[in-house]
Amino acid sequence: MTFLCLVFTTNAQTVKGYVMDNNQPLEAAYVYNQTSKEHAHTNQLGQFIINNTKAGDSLVIGLLGYKKSELLLTETLLKNQLIISLEAKAFVLDELVLSEPLDVLNSIVKIDVATNPINSSQEILRKVPGLIIGQHAGGGKAEQIFLRGFDVDHGTDVSLSVDGMPVNMVSHAHGQGYSDLHFLIPETINTINFGKGPYFADHGDFNTAGFVDFKTKDRLEENLISFSAGQFNSLRTLGMFNLLDTKNSQNAYVAVEYIETDGPFESPQNFDRLNIIGKYNAFLSNDSKIGLTLSHFTSQWDASGQIPQRLVDNGTLTNFGAVDDTEGGNTSRTNFNVQYSTILDNDVAMQSNMFYSNYNFELYSNFTFFLEDPINGDQIKQKEERNVFGFNTQFKKNIDYTGFDVTYTSGLGLRYDDVNDIELSHTLNRKETLENIQLGDVNQRNLYGFFNAEIDLGKVSILPALRLEYIKFQYQNQLSPTYSNLTQSEVALLPKLSIQYNQNNNLQWFIKSGIGFHSNDSRVVLNQEIDNALPKAYGVDLGNIWKPTNKLVLNTALWYLLSEEEFVYVGDAGIIEPSGKSERYGIDLGVRYQLTDNIYFNTDATITRARSLEEADGNDYIPLAPDFTLVGGLSFKDINNFSGGIHYRYVDDRPANEDNSIEAEGYFITDLNINYAFNNNWKLGVSIENVLDTDWKETQFLTESRLQNEAQPVEEIHFTPGTPFSFKTTLSYTF
């Protein structure tokens with residue numbers, strides 16, 4: 001159904017308007033003139049401008065997940081601005097036209113999420129095709145990330161953000177780029193945007209293997225109360241409530257989540273986490289919108305740590321035992337984010353946000369047991385208190401030249417990290433500090449600007465871009481007997497170029513190239529006097545997206561990435577060390593097949609070769625870099641009130657050291673979920689992790705350690721066990 005509202009007069013050759021859903025703007029909707037072949041996309045306020053139109057032309061307006069609408073232009077309509085309302089409908093692949101979306105792969109992921117909704121924090125990042133995660137501490141620490149042959153650790157080579165607010169922590173106490181997404185409540189997520197490779201001008205630090213941006217919902221369709229209970233004393237409660245909804249001008253909601261579990265370990269984890277988020281949005285006029293978000297997250301846990309394989313082999317420990325069960329920690333984060341969107345003079349769309357985060361982190365680990373200290377053990381504490389301030393602003397303008405259109409995007413931003421008492425200490429039983437190894441204050445400033453052009457020549461689009469980065473590192477060493485304030489400034493110029501060719505509505509080709517970077521830890525840069533503090537990554541992708549039938553979509557990409565510096569986490573020192581140049585190349589393969597409107601299959605495979613360029617052949621493997629990963633599943637929805645699916649993830653055996661003489665074991669894990677909706681408002685769900693009860697290692701490291709009764713150290717695999725068969729049931733009520 002199309003509803004037209006006349007607003008104000010414009011010139012006779014241009015149509016301006018808005019595309020809405022229940023008075024909420026729809027971004028990235030496609031508007032196509034079937035007569036002139038002109039097209040446009042809506043901006044963040046739902047606004048579009050389409051040129052070269054005349055009476056009698058027919059407009060088609062569409063967005064995946066909505067019914068398409070057609071509009072015949074008349075002389076009266078050409079003189080006025082339009083408001084067009086689209087009606088939501090189920091996501092189906094046969095409606096996907098490859099030449100319509102701004103980014104086809106992100107549109108495909110929308111279908112993945114719609115057919116298999118996110119209902120736990122562990123599933124958030126798994127929605128990115130080809131991305132694998134591993135958990136070190138049952139939900140306490142940030143997840144370990146694997147993407148395109150990278151063991152990203154906790155975020156060194158993947159940039160993460162929520163509503164324009166960065167998640168990665170520079171110069172973090174536990175590791176560079178540490179990214180704890182647990183402050184994000186899964187049910188508040190509206191969209192997931194991602195990109196692989198360093199090809200995106202609007203993304204900077206840590207965007208080498210890729211980026212993932214999350215946007216939270218501006219409003220709730222309905223209130224929700226949910227309660228989950230499962231094995232290992234696990235429970236989760238969730239409440240999401242509308243506080244204000246005036247439809248046309250203002251809305252606000254609050255969401256609260258609480259989780260606790262002991263986990264499958266012999267020493268209970270005593271894990272708990274509390275999340276609170278409040279969000280307010282207001283339309284100040286037809287051309288501006290403001291949003292305010294306030295959130296708080298706190299978590300604490302105990303952990304059994306990584307255990308050595310030798311103790312499991314000789315029967316001393318089970319997979320869920322511990323050598324030092326006094327590991328664990330606590331963390332919290334409070335965020336305040338202001339978002340503002342408006343249309344400036346000359347139809348320039350501006351989008352901006354300002355953010356502040358207060359972040360606290362304290363972690364106790366023992367990787368080597370009694371290797372360094374045979375009396376007290378080797379437990380370490382990593383701790384910091386951080387304030388992060390910043391803003392991001394983008395300007396977008398479309399200009400219609402004779403024969404082609406160009407969309408210009410420019411932006412600038414600032415991030416300031418003020419980290420107090422960043423600490424690495426030798427401790428005993430989480431109570432006594434035996435020695436301060438590192439203690440100081442980090443101040444790090446990142447100022448950036450970028451410019452991007454999208455030149456639309458019809459079937460071909462050319463996207464040149466340039467990004468400029470300025471970062472100043474500063475570290476005050478509190479352990480120095482005299483005043484020590486080390487500083488260093490770095491500048492990076494990062495060009496990018498992509499070309500896209502739409503051969504037809506069912507076949508799209510692309511080539512992407514660009515230079516990205518990941519910054520090094522301030523303490524490493526300044527204490528070791530490293531010249532290249534912003535090591536670059538040079539990448540190229542060549543691929544296509546093909547829709548051979550209405551219900552089948554295939555995507556393929558051949559890619560190459562050269563890194564000037566490989567970062568390796570050194571567990572006993574608790575820092576990331578640079579280890580020289582590396583290269584990775586491989587192929588990404590994706591399949592989406594809609595068997596029926598209610599049954600959907602997806603799978604993504606990545607084959608990679610990762611090698612160090614600093615070592616000779618045979619001794620050039622990059623430890624823990626996966627060479628083959630496979631993720632996917634079969635989902636069904638709304639079949640006699642039932643929904644659910646079965647999903648799998650596979651990681652091949654991979655090298656644990658430089659000569660591949662020791663391997664980290666791969667795994668194949670299958671999860672199952674089934675939900676039944678009844679009485680319109682109630683839903684009962686059952687989910688099973690590791691339905692086949694596979695014995696697997698979720699995270700693994702080659703570590704030299706010594707037990708208290710051992711005369712000599714031993715180097716072997718230490719691991720955190722993966723979750724066994726785990727049953728959970730959920731009851732939810734919407735109103």
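Okay, let's start with Tyr470, which sits in strand 27. Quick reminder that what you're looking at is a predicted model. So, is Tyr470 buried, exposed or partly exposed? Its relative accessibility is 32%, and because of that value Tyr470 counts as partly exposed.

Now, what's around it on the surface? Tyr470 is part of a nonpolar patch of about 600 Å², along with Leu414, Leu447, Leu466, Leu468, Val491 and Leu493. Two elements each put in two or more residues here: strand 27, running 460–477, and strand 28, running 485–504. Strand 27 is the top contributor to the patch, with 3 residues.

Let's go inside. The largest nonpolar core counts 57 residues, and the ones with the most contacts within it are Leu125, Val158, Leu160, Leu181, Val212 and Phe214. Which strand gives the most to this core? That's strand 23, residues 349–365, with 4 residues. There's another core lying apart from that one, with 18 residues, including Leu26, Leu59, Leu63 and Leu78.

Zoom in on Val212 for a second. Leaving out anything up to four places away in sequence, Val212 touches Leu125, Val128, Val158, Ser159, Leu160, Ser161, Ile192, Asn193 and Phe194.

Last stop, a sheet. This one is open, has 3 strands in the order 21-43-42, and the pairing is antiparallel. Strand 21, at 307–308, and strand 42, at 697–705, are the edges, each pairing on one side only. Between strand 21 and strand 43, residues 714–721, the antiparallel pairing runs over 2 bridges. If you want a residue to click on, take Pro308: its bridge partner in strand 43 is His718.

Technical notes. Residues numbered from 1 in each chain as written. Predicted model: local features only at pLDDT ≥ 70, side-chain atom pairs only at ≥ 80, totals over all residues. Heavy atoms only, no water. Core = buried A, V, L, I, M, F, W, Y, C linked by side-chain atoms within 4.5 Å. Buried < 20%, exposed > 50% of the residue type's maximum accessible area, 1.4 Å probe, protein only. Contact = heavy atoms within 4.5 Å. Patch = residues over 30% accessible without salt bridge, like charges linked within 9 Å, V, L, I, M, F, W, Y side chains within 5 Å. Areas by Shrake-Rupley, 256 points an atom, 1.4 Å probe, with all protein chains shown as cover. Salt bridge = Lys/Arg side-chain N within 4 Å of Asp/Glu carboxyl O. Pairing = 2+ DSSP bridges.
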